[in-house]
Amino acid sequence: MKNNKLFLSAFALVLFFSFSTISFAQLQAPAPSPAAHVSQVVGFTKISIDYSSPAVKGRKVFGELVPFGTSWRAGANNPTIIEFSTGVSIGGKNIGPGKYSIFITPQASGEWTVHLNGKGNAVYAYTKDGKVDEAALAKDDAVAVKVTPVAAPESFERLAYFISAEDNKVATVTFMWADTMLWFEVDTQVAQKMEQFKGVF
């Protein structure tokens, strides 16, 4: 009986160390640019953004890490994706429901461009010999809007997106990283949708 107890104790100990070793082997370090998600319902539309959030880490971001004049994936790792559950209007242009990848083209001075890519492509789909083919990228824009970057109220170590419902008709999508912030508006076309509902009923 005593031998059986010793055997069971030893067996349990072996199992414990085996599972501990497997668990430790599977444990990975945290991602340098962790995945992030933000969403907001505005009017009848759910707006969601999936992105990876890189850190400044003491670097100069715009003009060095992210070169001026070159379209950039507006995040890290996988493409930054914005999704609309219904059709919306951005910059006066109507676009359908679905997923769009976001690119940002920063400039040393003046306006920057925010691209919503209609194919949901990664920026690498437009990269050849280490350079972005800006004409090919622009050709796949579902919409592109000019925005004026401003100094952020504080330095943001990690890139972040925010969606504000504002008047619950027009949303503001804000991007912040390092010492820079910019935003664009998304008209969720509440009045038009209300008219459509009237036609149904």
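**Close-up 1. Thr180 and its surroundings in strand β12.** In this predicted model, Thr180 sits in strand β12, which runs over residues 170–187. Its relative accessibility is 10%, below the 20% cut-off, so Thr180 counts as buried. Look first at the neighbour in sequence: the side chains of Thr180 and Asp179 make a polar contact at 3.1 Å. Then look further along the chain. Beyond the neighbours within four places in sequence, Thr180 is in contact with Phe62, Trp112, Pro149, Val150, Ala152 and Phe175. One of these residues, Phe62, returns in the next view.

**Close-up 2. The aromatic pair of Phe62 and Trp177.** Ten aromatic pairs are found in the structure, and here we focus on the one formed by Phe62 and Trp177. The two rings meet edge-to-face, with 6.2 Å from centre to centre and 85° between the planes. Phe62 belongs to the loop between β2 (45–52) and β3 (81–84), while Trp177 belongs to strand β12, so this pair ties together parts that are 115 residues apart in sequence. Phe62 and Trp177 are both buried. They are also members of one aromatic cluster, together with Tyr51, Trp72, Trp112, Tyr161 and Phe175.

**Close-up 3. Arg59 in the loop between β2 and β3.** Staying with the loop between β2 and β3, we come to Arg59. With a relative accessible area of 39%, Arg59 is partly exposed. A polar atom of the Arg59 side chain lies 2.9 Å from the backbone oxygen of Val56. Do take in Ala178 as well: Arg59 and Ala178 are 119 residues apart in sequence, yet their C-alpha atoms are 9.2 Å apart in space.

**Close-up 4. Ala74 and Asn77, two residues with positive phi.** Here is a backbone detail for you to check. Ala74 has a phi near 60°, a positive value in a residue other than glycine. Asn77, not a glycine either, has a positive phi of about 60°. Ala74 lies in the loop between β2 and β3, and Asn77 is found in that loop too. Their accessibility sets them apart: Ala74 counts as buried at 0% relative accessibility, whereas Asn77, at 43%, counts as partly exposed.

**Close-up 5. The largest pocket.** This view turns to open space, where the largest pocket has a volume of about 410 Å³. Its lining is made of 24 residues, and those nearest the centre are Leu65, Pro67, Ser71, Trp72 and Arg73. By residue class, the lining of the largest pocket comprises twelve nonpolar, seven polar and five charged residues. Trp72 may look familiar, being one of the residues of the aromatic cluster.

**Close-up 6. The largest cavity and its lining.** Rolling a probe the size of a water molecule over the atoms shows where empty space is left. A search of the whole structure gives one cavity of 30 Å³ or more, and the largest cavity holds about 40 Å³ of space. Around the largest cavity you will find Ile102, Ile104, Val114, Tyr161, Val173, Thr174, Phe175, Leu182 and Phe184. Two elements, β6 (98–105) and β12, each give two or more residues to this lining. The largest share, five residues, comes from β12. Eight of the lining residues are nonpolar, one is polar and none is charged. Phe175 links this view to earlier ones, as it is also in contact with Thr180 and belongs to the aromatic cluster.

Technical notes. Residues numbered from 1 in each chain as written. Predicted model: local features only at pLDDT ≥ 70, side-chain atom pairs only at ≥ 80, totals over all residues. Heavy atoms only, no water. Helix = DSSP H or I, 4+ residues; strand = E, 2+ residues; numbered from the N terminus. Buried < 20%, exposed > 50% of the residue type's maximum accessible area, 1.4 Å probe, protein only. Polar contact = N/O pair within 3.5 Å; in protein donor to acceptor, adjacent residues only side chain to side chain. Contact = heavy atoms within 4.5 Å. Phe/Tyr/Trp six-rings, centres within 6.5 Å; stacked < 30°, edge-to-face > 60°. 1 Å grid on protein atoms, 1.4 Å probe; cavity = no way out; pocket = protein on both sides within 12 Å on 5 of 7 lines; lining within 4 Å. Points joined across faces, edges and corners; volume = space filled by probe spheres on them. Nonpolar A, V, L, I, M, F, W, Y, C, P; charged D, E, K, R; others polar.
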